[in-house]
Amino acid sequence: MGSAYVSILEISPFVEPITLPNGMQLPPVEHDGDGLFEDLNGDGNIDGQDVSRLAQLVNVYRRGEITLTDAQVAALDFNGDGELTQADIAAYNRMHR
Ligand SMILES: [Ca+2]
Ligand SMILES: [Ca+2]
Ligand SMILES: [Ca+2]
């Protein structure tokens, strides 16, 4: 597990943070080694702030205001359907609340 976790960090799709249209920067961080980047603001805690950041990010992404790479979408695809949608916010809430 240790080496797998390191390799996930090495290929982080968020080497460059995502910049939202309002100027907020999101540097999502993998928190538990499952390949999903649940610490959206990268502060080391999983809490309500991350849920609201995820909701903001999904909203601007769905409106076409930001673009994400396939690897970034995969890292935030909390329900595993291959897309980043409102359903991932619900899935995130089920996983982390
Ligand atoms: Ca994770
Ligand atoms: Ca956080
Ligand atoms: Ca999804």
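Which helix is included in what covers the buried residues of H4? Helix H2 (48-62) is part of that cover, and the rest of this report builds up the picture around it.

## About the model

This is a predicted model, in which local features need pLDDT of at least 70, side-chain atom pairs count only at pLDDT 80 or more, and totals for chains, interfaces and linings use all residues. Residues are numbered from 1 along each chain as its sequence is written, chains are lettered from A and ligands numbered from 1 in the order in which they are written, and side-chain values use heavy atoms, with hydrogens and water left out.

## The overall fold

The protein chain has four helices and two strands; these are DSSP runs, with helices being H or I of at least four residues and strands E of at least two, numbered from the N terminus. Along the sequence they follow the pattern α-β-β-α-α-α.

Of the 97 residues, 37% count as buried (buried means under 20% relative accessible area, exposed over 50%, partly exposed in between, with a 1.4 Å probe and protein chains only).

## The first calcium site to explore

Let's look at ligand 2. This calcium ion is coordinated by Asp39 (OD), Asn41 (OD1), Asp43 (OD), Asn45 (O) and, with two OD entries, Asp50, at 2.2 to 2.4 Å. Donors here are N, O and S atoms within 2.8 Å of the metal (3.2 Å for Na, K and Ca); water is not among the atoms, so sites may look incomplete. The donors follow the spacing D-x1-N-x1-D-x1-N-x4-D along the chain.

Why does aspartate 43 count as partly exposed? Because its relative accessibility is 36%. Asparagine 45 also counts as partly exposed, because its value is 43%.

## The second calcium site

Now for ligand 3. Its donors come from Asp77 (OD), Asn79 (OD1), Asp81 (OD), Glu83 (O) and, again with two OD entries, Asp88, at 2.2 to 2.4 Å. Their spacing along the chain is D-x1-N-x1-D-x1-E-x4-D. Aspartate 77 lies in the loop between helix H3 (70-75) and helix H4 (86-96), while aspartate 88 is in H4, so the pair ties together parts that are eleven residues apart in sequence. Both aspartates, 77 and 88, are buried.

## Back to helix H4

In H4, the residues Asp88, Ile89, Ala91 and Tyr92 are buried. They lie on the same side of H4 because they cover an arc of only 165° around the axis, where the arc is that of the directions from the helix axis to the C-beta atoms. Helix H2 is included in what covers the buried residues of H4.

How values were computed
Contact means heavy atoms within 4.5 Å.
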